[in-house]
Amino acid sequence: MASKAEFENHCWADIMKPEDLETYAPYARETGIGDNPALLVIDLYNLVYKGGRKYPHELEKDFPNSCGIYADDAIAPTQQLIAGCRAAGVPIFYITTQFNPHRVASTRRTNIKMVAEDCEIHDAFAPHPEDTVFREERPSAFFGTPLIAHLNERRIDSLIVCGESTSGCVRASVLEAHMYGKHVSVVEECCFDRCEITHKVNLFDMHHKYADVMHLDEVLSSVSLMKAA
Amino acid sequence: MTERIWDKFLTERDKQVFAKGGWAANAGGGKKPALLIIDVNYAFCGEQSKPILEAVEEWRTSCGEEAWEALPHIRTLIDKCHEKGIPVIYTTGTIRDDGWDKGSWAWKSSRSDEDTSDGAPPARTSNRDGNDIMDEIAPSPQDIVIRKLKPSAFYATPLVSFLNDLGADSLIVTGTTTSGCVRASVLDAFSNNYRTVIVEEGCFDRSQASHAINLCDMHAKYADVVQMDEAMEYIEGIDETYNLPTG
């Protein structure tokens with residue numbers, strides 16, 4: 001949970017113009033997680049980690065679609081997030097890409113050469129047997145999957161979201177969750193993109209329109225309080 | 001329950017197959033249901049109770065006397081839900097004045113041109129909009145009305161979003177036609193993991209056989225088909241607070 005005064009204390013602070021922040025001032029509010037949340041882990045598959053700690057433009061030729069250093073930076077926080085949710089009994093849903101050589105791609109880029117292993121979830125976040133894994137071919141985790149049916153059945157009223165890319169599958173899934181009437185909390189340190197400014201602006205957009213963008217420590221303390229209750 | 005409305009349409013083998021296969025178990029209703037009243041409008045009921053073959057001259061989709069027999073039951077369910085603070089959601093159709101958006105509805109009926117006001121048949125003397133919900137069960141300010149283009153109440157509508165906003169986890173279903181929009185909506189409710197109770201006396205159809213067999217199918221696979229007394233007892237037992245519209 002974060003107070004109204006902390007509403008703009010996020011990664012976009014260094015790029016937003018003061019006049020734009022003024023325009024968005026009426027959106028300021030207290031942020032938090034829902035009463036009965038699930039964790040949604042989006043597209044943390046091997047492909048985006050390929051090539052290691054380099055900037056995406058340095059990896060573009062050999063590993064198109066890698067998020068390089070941005071992906072690597074998010075590994076440790078995301079492991080903490082998953083562990084915290086697991087310890088609190090928060091249900092965990094993973095979505096990853098459905099490998100299919102003739103797949104309907106979720107973006108329009110032209111130079112992707114994928115193999116099946118690229119679409120498997122990275123070992124750092126290996127799902128447990130009690131978790132639920134869905135495969136998607138489109139940006140939103142809801143499109144063409146039974147995710148909403150699972151949330152309905154378990155009376156899950158809200159999502160905690162992490163993964164990639166902030167501007168692609170994360171944003172598409174957050175928007176659709178919002179349209180379904182679910183409260184959404186997006187964990188800033190656990191989302192990433194190939195482009196830093198895109199990451200920041202998309203978090204800004206989601207925070208003001210659809211979701212509560214929260215810091216990892218806030219989410220972890222909220223989740224642990226939920227367990228105590 | 002003794003004899004069901006569909007029993008007389010089933011063969012002995014059918015009955016044995018259902019029993020042996022373990023179908024039609026009692027699923028039980030949800031903890032926080034919303035009442036869903038599907039398409040109980042003038043196009044499906046007509047403007048007065050008439051034998052169906054006469055009624056369809058005026059409104060091609062009318063279900064005749066069965067519609068008018070269902071209305072008081074639906075009224076009773078609505079009143080009970082209002083008393084208990086249970087959300088009441090209506091669906092009805094919508095159509096452009098020029099009928100362009102009827103889309104696939106035009107494919108299977110040779111009389112679909114009659115759905116716009118310009119196309120009313122000679123037998124229809126009023127200028128009533130067929131999509132108006134029946135006065136006998138008119139929505140109250142706190143109720144919710146959803147306009148839809150296709151059979152399912154879920155298809156291209158905000159119904160799931162509204163159920164989430166209300167805090168509802170399940171449905172009580174009434175309306176028409178049993179084989180059309182009721183079945184399509186119940187199937188989507190099932191696919192979305194909403195428990196569903198269908199009230200037999202509150203549903204109606206143009207076809208007697210379709211009404212019975214569709215109730216049979218839904219009861220076997222997707223929902224619990226119950227009668228009024230059981231439905232009223234279920235609603236009486238609901239003691240929940242919803243995020244209702246202020247009205």
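## Chain A: the overall fold

Chain A contains seven helices and six strands. This is a predicted model, so please read everything below as a description of that prediction. Following chain A along its sequence, you will meet the pattern α-β-α-α-β-β-α-β-α-β-α-β-α.

What about its dimensions? The C-alpha trace of chain A spans about 45 × 45 × 30 Å along its principal axes. The radius of gyration of chain A is 17 Å, in agreement with the value near 17 Å that a compact globule of 229 residues would have. Of the 229 residues in chain A, 42% are buried. Contacts over long stretches of sequence are well represented too: taking the contacts in chain A between residues at least 6 apart in sequence, 77% join residues at least 24 apart.

## Where the two chains meet

Let us turn to the interface. Nine residues of chain B are in contact with nine residues of chain A. On the chain B side, α5(B) supplies the largest share, with four residues. Sorted by class, the side of chain B that touches chain A has five polar, two nonpolar and two charged residues.

## A helix pair in chain B

Next, have a look at helix α6 (residues 178–191) and helix α7 (residues 208–221), both in chain B. Their axes lie 10 Å apart, and the two helices pack at an angle of about 15 degrees. Because angles under 35 degrees count as roughly parallel, α6(B) is roughly parallel to α7(B). The crossing of α6(B) past α7(B) is right-handed.

Which residues make the contact between these helices? From α6(B) come B:T178, B:S179, B:R183 and B:V186, while α7(B) brings B:S210, B:H211, B:N214, B:L215 and B:M218. By class, the contact of α6(B) with α7(B) has five polar residues, three nonpolar and one charged.

## A closer look at B:S152

Our last stop is a serine in a loop. B:S152 sits between β3 (144–148) and α5 (159–166) of chain B. Is B:S152 buried or exposed? There are 22 other C-beta atoms within 10 Å of B:S152, and the cut-off for a buried residue is 20 or more, so B:S152 is buried.

Beyond its neighbours within four places in sequence, B:S152 is in contact with B:A184, B:S185 and B:D188. These three partners can be found in the structure by looking at α6(B), which covers residues 178–191. As for B:M134, this residue is 18 residues from B:S152 in sequence, and their C-alpha atoms are 20 Å apart in space.

Key
Residues are numbered from 1 along each chain as its sequence is written. Chains are lettered from A and ligands numbered from 1 in the order in which they are written. This is a predicted model: local features need pLDDT of at least 70, side-chain atom pairs count only at pLDDT 80 or more; totals for chains, interfaces and linings use all residues. Axes are lines fitted to C-alpha atoms, for helices over the stretch in contact, and angles run from 0 to 180 degrees between N-to-C directions. Angles under 35 degrees count as roughly parallel, over 145 as roughly antiparallel, 65 to 115 as roughly perpendicular and the rest as oblique. A crossing is left-handed if the near helix is turned anticlockwise from the far one by less than a right angle, and right-handed if clockwise. Two residues are in contact if their C-beta atoms, placed from the backbone, lie within 7 Å. Ala, Val, Leu, Ile, Met, Phe, Trp, Tyr, Cys and Pro count as nonpolar, Asp, Glu, Lys and Arg as charged, and the others, Gly among them, as polar. A residue is buried if 20 or more other C-beta atoms lie within 10 Å of its own, exposed if 12 or fewer, and partly exposed in between; C-beta atoms are placed from the backbone. The radius of gyration is taken over C-alpha atoms; the globule rule is 2.2 Å times the number of residues to the power 0.38.
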